[in-house]
Amino acid sequence: MTPDEDSRPFVVPCAGLAPGAPLRWLALGWRDFRRAPGLSLLFGAVILAVSVAVSALAWSLGRFALLATLLSGFVFVAPLIAVGLYCVSRALEAGRRPTLRDSFVLARRVAGQASVFALVQLVILLLWSRAGMMVNAFVPIEDGSTHALLEFLLIGSLAGSVFAMLTFAVAAFSLPMIADRDVDMVTAGISSVNAVLRNKGVCALWAAIIAALTALGFLTAYLGLVVVMPWLAYSAWHGYRETLDASAWPRLD
């Protein structure tokens, strides 16, 4: 390693966040959306099309294996879409005009690290699915037993919460970082988890906001995702910029 690489910390330094930080990220994200409405709506339309296609195929064929395959494919495509959106905020922050070409170039450049991210998320998804099967096997629901139903729901929710928190902790700040700096996914993922653990309350609020806005997008027959997903991506970019100090790693040009 070069002297600069050798002197870098194993975990990217993180800041202590104020309680209202997620609301500030949302405001900055919405500002970016308004400054680049065309690109934002284009990416939102792509997300809408993919979501509708996955749901329609799963509904029409009704096969779990097919749904798992489609979701697995989406897990690999989604990070590249997110990187393209981060490129918009990155360009606006630098005082440049964001373009679709720049988003494609950056997505292609970080495709390897984004694939590592997708693999990690896929493993967590598969473990989550397996945990759900184990809950079904070891906590049977007896007909007419309210106690058994409540016990099943409680254990299932606790197990799901563990995997949901792990997924969020790894993804919260890592993907924006690999879209901004020449850093490996392992360092970015560990740094994201460390930042979440050091800002538990703020990150819990951020996770709740993400869940609520995403649910709103689904409740509007996916149409809300056209606006919600780019908005959240831009907000996540500003969250990363405020939380992690990645100045020791070279910027992606």
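# Rings, cysteines and a surface patch

Guide: Welcome! Leu 100 lies in helix α5. Please keep in mind that this is a predicted model.

Visitor: Why is Leu 100 called partly exposed?

Guide: Its relative accessible area is 31%. Buried would need under 20% and exposed over 50%, so Leu 100 counts as partly exposed.

Visitor: Which residues form a nonpolar patch on the surface?

Guide: Leu 42, Val 46, Leu 100 and Phe 104 do, and together they have about 340 Å² of accessible area. Two or more residues of the patch come from each of α3 (37–61) and α5 (100–109).

Visitor: On to the rings. How many aromatic pairs are there?

Guide: The count is six aromatic pairs. One of them is Trp 25 with Phe 173.

Visitor: What makes Trp 25 and Phe 173 an edge-to-face pair?

Guide: Their centres are 6.3 Å apart and their planes stand at 90°. A pair needs centres within 6.5 Å, and edge-to-face needs planes over 60 degrees apart, so both conditions are met. Trp 25 sits in helix α2 (residues 21–35) and Phe 173 in the loop between α7 (146–171) and α8 (174–178), so this pair links parts of the chain 148 residues apart. Trp 25 and Phe 173 are both buried, and with Trp 206 they form one aromatic cluster.

Visitor: Why is the pair of Phe 218 and Tyr 222 edge-to-face?

Guide: The ring centres lie 5.2 Å apart, and the angle between the planes is 75°. That angle is over 60 degrees, so the pair is edge-to-face. Phe 218 itself is partly exposed, with a relative accessible area of 43%.

Visitor: How do you know that Cys 14 is in no disulfide?

Guide: The nearest cysteine sulfur, that of Cys 203, is 9.0 Å away. A disulfide requires sulfur atoms within 2.5 Å, so Cys 14 has no partner. A search of the whole structure finds zero disulfides.

Visitor: What makes Cys 87 buried, and Cys 14 partly exposed?

Guide: Cys 87 has a relative accessible area of 6%, which is under 20% and therefore buried. Cys 14 has 25%, a value between 20% and 50%, so partly exposed is the right term.

Visitor: Finally, why does Ile 209 count as buried?

Guide: Ile 209, in helix α10 (residues 200–219), has 13% relative accessibility. The limit is under 20%, so Ile 209 is buried. Leaving aside residues up to four places away in sequence, Ile 209 touches Pro 22, Leu 23 and Leu 26. From Pro 22, Ile 209 is 187 residues away in sequence and 8.2 Å away in space, C-alpha to C-alpha.

Key. Residues are numbered from 1 along each chain as its sequence is written. This is a predicted model: local features need pLDDT of at least 70, side-chain atom pairs count only at pLDDT 80 or more; totals for chains, interfaces and linings use all residues. Side-chain values use heavy atoms; hydrogens and water are left out. Patches are made of residues with over 30% relative accessible area and no salt bridge: like charges are joined within 9 Å, nonpolar side chains (Val, Leu, Ile, Met, Phe, Trp, Tyr) within 5 Å. Accessible areas come from the Shrake-Rupley method with a 1.4 Å probe; for residues, only the protein chains shown count as cover. A salt bridge is a side-chain nitrogen of Lys or Arg within 4 Å of a carboxyl oxygen of Asp or Glu. Helices (H or I, at least four residues) and strands (E, at least two) are DSSP runs, numbered from the N terminus. Buried means under 20% relative accessible area, exposed over 50%, partly exposed in between (1.4 Å probe, protein chains only). Rings of Phe, Tyr and Trp (its six-membered ring) pair if their centres lie within 6.5 Å; planes under 30 degrees apart count as stacked, over 60 as edge-to-face and the rest as tilted. Contact means heavy atoms within 4.5 Å.
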